[in-house]
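Colleague: I'd like to take a close look at a single part of this one. Could you pull it up and walk me through it?

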Amino acid sequence: MHNKVRFPLQVLSDDDIKSIYVAALEILVDVGIQFEDERVLHILEERGCTVDYPRMRVKFIPSVIEQALRSCPSEFTVKARNPEYSLLFDGSHVYFAAHSAPTVCDPKTGLSHKPSSRDVQDRLILIDALEHINATLTLTGEVSDKPPEVGVEWVKAETFRRTAKVTTAPAFRNSPKWIIEMAAVVGSQVIGCCGCSPPLFYAKQDTDAMLQYAAAGHPVTAGSGIALGGTGPVTLAGSLAQQTAETLAGVALVQSCHPGTGMLWLTETAPMDMRIGDLAWGSIEVGMLHAAQGQMSRFLGLQNFSLFPMSSSHISDQQLGFEKGMQAIIMALSGIQFMAGGGGVYNESSICLEQLIIDNDIYGMAARFLEGFEVNADTLALDIIREIGLQRNSYLSHKHTRRMFKQEHFFPGVSNRLAFETWEKSGSKDIVARAQERIPHIIQKHESAPLSPEAERELDTILRAVEKERLSGTQTEHLTEQSTA
Amino acid sequence: MQTSDLINNLEHSIIEGDVDNAEKWALQALDEKADIPQAINNGLIKGIKQVGDAFGNGEIFLPDLILSSEAMKIASDIFENELRKTGQNIQTSGGKIVIGTVKGDIHDIGKTLVSTLFKGAGFTVIDLGVDVPTDDFIAAVRRHQPHILGLSSLLTTSAIEQKNVIDALDHAGLRSQVKIMVGGGAITEQWSQEIGADAYSGDAREAVDCGCRLLDSLQGEYHA
């Protein structure tokens, strides 16, 4: 979605931005970042950073950070299997993506279960079909009827098979090497989803994945999910300084090894609710932090990426709707370029397909806002106003109305706009019930663009190799039995 | 100072989460040769229970609770060292729990919160930390003989480690000696049943309620 908002939201002054950047540099220089992988310590030492090997700590020098920022491309494309769905990160586009989680839940009871392969497939068909979903996350991969050791790759193969849209790729275990092979087979790029485990710690798994995806020419994320008051300062400014430092450390590592790699500043940051100790993913502070992140990332010349809009509600209720709706519009107005909360409920713990349908409307409305409206002779409609003058009820029958209404007005898929009696006669259904009805309809009707038979075979071959590696030849029938359904 | 005043001061330092005063009053209690078990039970434990209840009722917040727990720790360490010197055992009326985040997962907050609330409920807590290998859980169960073993996992990829620990306990012949509680972001009731855990909790407060119920059932079993 091309973002035509001319002045993104600003919650920080220019001085604030500089203060946060300077604080981030001081964190990198004075406190440093811990990296679990010794190889990373050597790489950064060679760049001139000071390394304390026993504590696995790197103290950066500002020139390494500045050099890294200079080598980040100011724009890049993430190539989708279908080029029409490729994403351009240039600071003026906003994309909406589906979330991923370990469980699937019922929208009314919140009861969740591990997804079956059918759940995974249904979700992917919806993602491919829904008009305002541009991409999907693939963060987790445990599937009830597949061996847990190979779940991530199975889900990934299904993702490539069932949607031609861009997908992200996780840092789990040894998954990156297999996902990179799969992406090559289907001819798409992925966004390598990697980050820091705050405070100030990069696990080997994440830095390995960052470098592997970058080496294979895929853009990667760097960033973190700070729990304010838990894994970082409780203050918004302090958490931003820490998160900026954590992001810049990842950017410096990737750009040191693979200059020119497309980079996105990832955020998963939310306050901890000090009454219970759980995260407040639906809080208004999340919106404020995104507005600040938008400003900071523009200042640094980085693209950005978020796992929100999200909510702490377990069910598709008013709380979920207003928290996600408010965040979506704030994020869109803040110049957040990739927002991946579609279908997610309860602090990203679960996925709800009905909510994905509802979020598609939220995204659609945010996208409509970003699209803006033209002011020209045709849209000012002065000729029409002159022509109709004071006549009543004549606009509806005018050609100008029929020609322009679709481009001017957004039509949500499941929001209710019926008159009361009509709504009552049609069963007094709420939005969740309407979303529920829409799911089988979409799934039956939608046809995902198939992969070539060669690509299908190659994905099967890769899955067999994963199985061989992980399961030593056992349970081979589970993975390849249903590559198409 | 009268012993009752000292104990009151200790209790208040715990309730206020005042680490410096907790240390000061504990040291003064030693100087004045106050009755240590009395200071622990009527000062520290009484204070932390009040804090735990206030947290449960939403009257105080997490940072208050954590600082009270820190104050509790510093004072109880002072008393425990003294008791050890004189060869006395620490008498606690509550249960004992060994807790940790499983291998492959470095998430600390949820597990630490559960630890703190268990302490508040009078449990002796042995917190093994994060990224804990299966063997360390087994060794800790053998060594500390807890009533409950708590296994936390935030990541879906490390959830399987909970099953590995349970299987290893089985293999080591220790499974029947300990009740197992599982929790963490990636964990569901269904998963808990699949891997043969005794209980699952969705949040820290529920975990402590559940731990207390397990302890009651165990004490029931012992009496039977």
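Colleague: In which sense do strand S7 (residues 103-105) of chain A and S8(A) pair, and over how many bridges?

Modeller: Keep in mind that this is a predicted model. Your two strands, S7(A) and S8(A), run antiparallel to each other where they pair, and two bridges link them. To find one of these partners yourself, go to A:Val104 and look across to S8(A): the residue bridged to it there is A:His113.

Now zoom out a little. The pair belongs to an open sheet of four strands in chain A, and if you walk across it you meet S8, then S7, then S20, then S19. The pairing in this sheet is mixed. Strand S8 (112-113) and strand S19 (344-345) stand at the edges with a single partner strand each, so each has one side without a neighbour in the sheet.

While you have the model open, have a look at chain B too. Its domain assignment gives domain 1 (3-85) and domain 2 (96-223). Taken over C-alpha atoms, the centres of these two domains of chain B are 26 Å apart. Where they touch, domain 1 of chain B puts in 10 residues and domain 2 of chain B puts in seven. On the domain 1 side, helix H3 (36-56) and helix H4 (62-85) of chain B each supply at least two residues. H3(B) gives the largest share of that side, with six residues. Sorted by class, that same side of domain 1 of chain B has six nonpolar residues, three polar and one charged.

Key:
Residues are numbered from 1 along each chain as its sequence is written. Chains are lettered from A and ligands numbered from 1 in the order in which they are written. This is a predicted model: local features need pLDDT of at least 70, side-chain atom pairs count only at pLDDT 80 or more; totals for chains, interfaces and linings use all residues. Two strands pair if DSSP finds at least two bridges between them. Domain bounds come from an automatic or database domain assignment. Two residues are in contact if their C-beta atoms, placed from the backbone, lie within 7 Å. Ala, Val, Leu, Ile, Met, Phe, Trp, Tyr, Cys and Pro count as nonpolar, Asp, Glu, Lys and Arg as charged, and the others, Gly among them, as polar.
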